[in-house]
Amino acid sequence: MEIHNRLLFFIWIIILFISISCLGYNVEGRYHYHKKHKNVQDVDIEIGVFPSPADAPTSPEEPSPDDPGDNSSNSSSDPCIFNVMSYGAVGDGTTNDRDAFVAAWKDACDVESGVVLVPSGYVFSITSTIFSGPCKPGFVFQVDGVLMPPDGPDCWPKSDSARQWLVFYRVDGMTFTGSGTVEGNGQQWWELPCKPHRGPNGTTLPGPCDSPALIRFFMSSNVMVGDLTIQNSPQFHMIFQGCNGVRIERLSILSPALSPNTDGIHVSDSNSVGIYNSLIANGDDCISIGPGSTDIDIQNVTCGPSHGISIGSLGVHNSQACVSNITVRDSVIRNSDNGVRIKTWQGGMGSVTNINFENIEMENVRNCIIIDQYYCFTKGCHNQTSAVFVNGVSYRNIKGTYDVRSPPIHFACSDSVACTNITLSEVELFPSLGEMVDEPFCWNAYGNLETLTIPPIGCLQEGEPQSISESMTTGCS
């Protein structure tokens, strides 16, 4: 009996030892899982104002690669991380991983605080894709690796939808962020013969030129974009169209100075958009604001080399354009063809009102301050009797240096519709090299100088023009 009891005690000790060993292994396994996803859990620390999945309890286990679509164990109240690798993505830069991204999007979109994770250490290639909402609250698309489209026109599908690559449609409350890079593979698109710089003497040669925009948010609201590097787009890098409530912060948008039509951020038919603390260097406008845009705030942006920050072009093909309440402040524009610009076509209608440029430093900029109501791609454009009405534009504390190839201040307003209520204060612009150009250009422009300017502006007319046709602004509130 005593021997039997000792044997049972010995067996019990062995079982206890094995249990403790297994428990330690499981704890270590869970530790490594959460450590692996620490960058996702701590996203609010990295990007400040953006919502974080860390507000909810610990995430569940990743889906097994053998059963990537089974996420039924995830509670809608828990943060859920959907790694595209668990859905079959390869991440070798060659394989088309589109299906894995679409599947991960679908599952993450269906739960609260869902996160589509594009992990670091991989290069993912996907073809043109539309990611549709609405999604549950707290949705995050996090790119920590490299994400890119097919390389060049020969690898691109031949369809109308191929003029864009990533489209986010009808999303509300989405955050697009990460420590990774969106690579546009634009080089072969820039070299197409239909691009302006490819033909002899600056001409354009025939050829297919439907270069795709890289990222487009369409009919979306409460969107946050931050911390990514987006570069080398075939055409526009980011487009926000029909959006309400957008915050863009700490982006780096990069492409060569001679890459054609590679606007950094384009906004149209959108309102309540903030663009902050970002670096944009590209081959066209750093930021372009199109028709239907209102309440746009741009602050602490470093722009250039580029074509500057532009409102327009507006009124093309005799169309109506309404733009209002735009502020650009505390920013730097360097080595650019233009600084702050308003550009409209002859024959348009509508209005551009309440535009404020404030505290902007210019470094070697060709046209620092410009309003051009004769915008045209060719020499065949004719003056017309209608124009977009430009009213209430202020330039305050604009200082720096300009390229002496043209006057640093240029107000070319329509013959039929004058520009009115232009205000300049503390404008001091000096030549970067050579002698000062001391005669800014004005045509049919009215306003006032609150302080003396450098160079002196003697061409701005005081008061108001005799008449402005009300038909020019019809339809703009």
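Is Arg-247 buried, partly exposed or exposed? In this predicted model, Arg-247 counts as partly exposed at 29% relative accessibility, where buried means under 20% relative accessible area, exposed over 50%, and partly exposed in between, for a 1.4 Å probe and protein chains only.

The model is predicted, with local features requiring pLDDT of at least 70 and side-chain atom pairs counted only at pLDDT 80 or more, whereas totals for chains, interfaces and linings use all residues. Residues are numbered from 1 along each chain as its sequence is written, and side-chain values use heavy atoms, with hydrogens and water left out.

The secondary structure of the chain comprises five helices and 30 strands; helices (H or I, at least four residues) and strands (E, at least two) are DSSP runs numbered from the N terminus. Of the 477 residues, 50% count as buried. Among contacts with a separation of 6 or more, 73% are between residues 24 or more positions apart, a contact being heavy atoms within 4.5 Å.

Salt bridges number 10 in the model, each defined as a side-chain nitrogen of Lys or Arg within 4 Å of a carboxyl oxygen of Asp or Glu. In general, side chains of opposite charge can pair when their charged atoms come close. Arg-247 forms one such bridge with Glu-249, with the closest N and O atoms 3.1 Å apart. Glu-249 is buried, at 7% relative accessibility. A second bridge is formed by Asp-297 and Arg-329, whose closest N and O atoms are 2.8 Å apart. This pair links distant parts of the chain, with Asp-297 in strand E20 (residues 293-303) and Arg-329 in strand E22 (residues 320-334), 32 residues apart. Asp-297 is buried at a relative accessible area of 16%, while Arg-329 is partly exposed at 27% relative accessibility. A third bridge joins the side chains of Glu-450 and Arg-396 at 2.5 Å, N to O. Here too the partners lie in distant parts of the chain, 54 residues apart: Glu-450 is in the segment after strand E30 (445-449) and Arg-396 is in strand E26 (residues 389-402). Glu-450 is partly exposed, with a relative accessible area of 44%, and Arg-396 is partly exposed at 30% relative accessibility. Through shared partners, salt bridges join Asp-227, Arg-247, Glu-249 and Arg-250 into one network.

His-307 is covered by the UniProt annotation "active site", taken from an unreviewed entry; UniProt positions are given in the numbering used here, feature names are shortened, and annotations may be inferred rather than shown by experiment. The residue is placed in the loop between E20 and strand E21 (309-314). At 23% relative accessibility, His-307 counts as partly exposed. With neighbours within four places in sequence left aside, His-307 is in contact with Gly-283, Asp-284, Asp-285, Asp-337, Asn-338 and Arg-341. The side chain of His-307 reaches the backbone oxygen of Gly-283 at 3.4 Å.

Strand E12 (residues 221-226) pairs in the parallel sense with strand E9 (residues 175-177) over three bridges, pairing being assigned if DSSP finds at least two bridges between two strands. E12 also pairs with strand E15 (residues 244-249) in the parallel sense, over five bridges. Val-225 in E12 stands opposite Phe-176, and the bridge partner of Val-225 in E15 is Ile-248.

Helix H4 (residues 98-109) has 12 residues and reaches 16 Å from its first C-alpha to its last, close to the 16 Å expected at 1.5 Å a residue; the expected span is 1.5 Å times one less than the number of residues. The buried residues of H4 are Ala-100, Phe-101, Ala-104, Trp-105, Asp-107, Ala-108 and Cys-109.

Most residues other than glycine have a negative phi, and most peptide bonds are trans. The peptide bond from Gly-312 to Ser-313 is cis, with omega near 15°, and Ser-313 lies in strand E21. A cis peptide bond also joins Ile-454 and Pro-455, with omega about -5°; Pro-455 is in the segment after E30. Met-219, in the loop between strand E11 (213-218) and E12, has a positive phi near 50° and is partly exposed, with a relative accessible area of 33%. Asn-300, in strand E20, has a positive phi of about 55° and counts as partly exposed at 35% relative accessibility.

Methods: Polar contact = N/O pair within 3.5 Å; in protein donor to acceptor, adjacent residues only side chain to side chain.
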